[in-house]
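Me: Got a model here that I'd like to talk through. Can you help me read it?

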Protein chains: 2
Amino acid sequence: MAGTASSCQFVYMELLERRIKQSGTVIGTNILKVDSFLNHQLDIALLCELGRDVYHHYQNCAVNKILTIEASGIAYACMTAQFFDCNVVFAKKKGAANQSADVYTANVHSFTHGNDNVIAVDRRYLKAGDRVLIMDDFLAHGEAIRGLMALVAQSGATLVGAAVAVEKGFQGGGDSLRQEGLEVYSQAIVDKMSESEIVFRPNK
Amino acid sequence: MAGTASSCQFVYMELLERRIKQSGTVIGTNILKVDSFLNHQLDIALLCELGRDVYHHYQNCAVNKILTIEASGIAYACMTAQFFDCNVVFAKKKGAANQSADVYTANVHSFTHGNDNVIAVDRRYLKAGDRVLIMDDFLAHGEAIRGLMALVAQSGATLVGAAVAVEKGFQGGGDSLRQEGLEVYSQAIVDKMSESEIVFRPNK
């Protein structure tokens, strides 16, 4: 159960929406480039504010571990983990299914690249008794989040919810996950976009 | 020119050395696994202390950008960037040479995997006028650092130096770079290791 939204959260959410409008670039109908601040160049001050806001949302959930996926989820997860005073584990992408007794693995389909990746986490770093928050910079079809959920399920840990910076609402992954009962906190939800306009979901 | 070493630095360096002795695992003669705190599970509190120490070392160098490489350099770079109040840029690994007018690229040979990777940074995020600190979690033969140096050189930015958490001194990369004039600040230098013993370089 997440904490109640405070007025602070809306300020932070607006901060990210403003930044997306100012610095994001829409290419075609599906690609939103935010690599000037979120996933190539990293605006550390912004990520810190986003992390603080994620903490406010989940602060009453006894989170003791944040699980993300390499590479672009790492910065966002680390800046947030400071507020929870907890460790981060990032799932590694493997080229092929490298099954081993020592790791949990899951398949993640990439709609962008049209291929499948196997992601893996060492069993020592995810355990029954952990209370896990999943984080990623982007949520589109939800495949990465589903892969991370599968790792958590294998470990027997408790999944508290997910936090993402930018959800592409029009691709449906976030709403499907919510319908299935997952708490998904997205800091900006793009419901419609074109090269001339980005429309955010109000009252998230 | 780096700041003068303070007594604090020795405390931080000992902190990392102790952690390596306590939680690191040596496999064969070349592999030092520290994935319980540095590059799979991330001990955020430790990384924060390491970042503070890197800041103390380079605080008088007017660093305005930290350049690292995906994936395991990102956490270390981000935690450090908070002290410098600057952005991070991480070079992306590409499977093949994907030359483009928009990116700087360099080849990085991996002795571990026996292959070459092309790394790339968007030209918009590294510019003449920037004062760049290169960071990475590990320094062995120095190939990744050399690749990042090549990107900085192409951009016309000023390279201030490099900071790494763990240098495998016996593989020679760090000392070669120092002989060529690069300021390399390593927070722990392993001069000798076996499954029963890890020997650190004194008086770094």
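Me: Which residue in β5(B) is the bridge partner of Q41(A)?
Reply: V89(B) is the bridge partner of Q41(A). Strands here are DSSP E runs of at least two residues, and helices are H or I runs of at least four, numbered from the N terminus. Keep in mind this is a predicted model: local features need pLDDT of at least 70, side-chain atom pairs count only at pLDDT 80 or more, and totals for chains, interfaces and linings use all residues. Residues are numbered from 1 along each chain as its sequence is written, and side-chain values use heavy atoms, with hydrogens and water left out.

Me: How many bridges join β3 of chain A to β5(B), and do they run parallel or antiparallel?
Reply: Two bridges, and the strands run antiparallel. DSSP has to find at least two bridges for strands to pair.

Me: OK, switching to the interface. How much area do chain B and chain A bury between them?
Reply: About 2,500 Å², with 59% of it on carbon and sulfur atoms. That's the accessible area (1.4 Å probe) lost on putting the two parts together, summed over both.

Me: Which three residues supply the most on chain B's side?
Reply: H40(B), Q41(B) and Y125(B), with 26% of the area chain B buries against chain A.

Me: And salt bridges, how many across the interface?
Reply: Two by the rule, which wants a side-chain nitrogen of Lys or Arg within 4 Å of a carboxyl oxygen of Asp or Glu. One of them is D35(A) with R124(B), at 3.7 Å, N to O.

Notes
Chains are lettered from A and ligands numbered from 1 in the order in which they are written.
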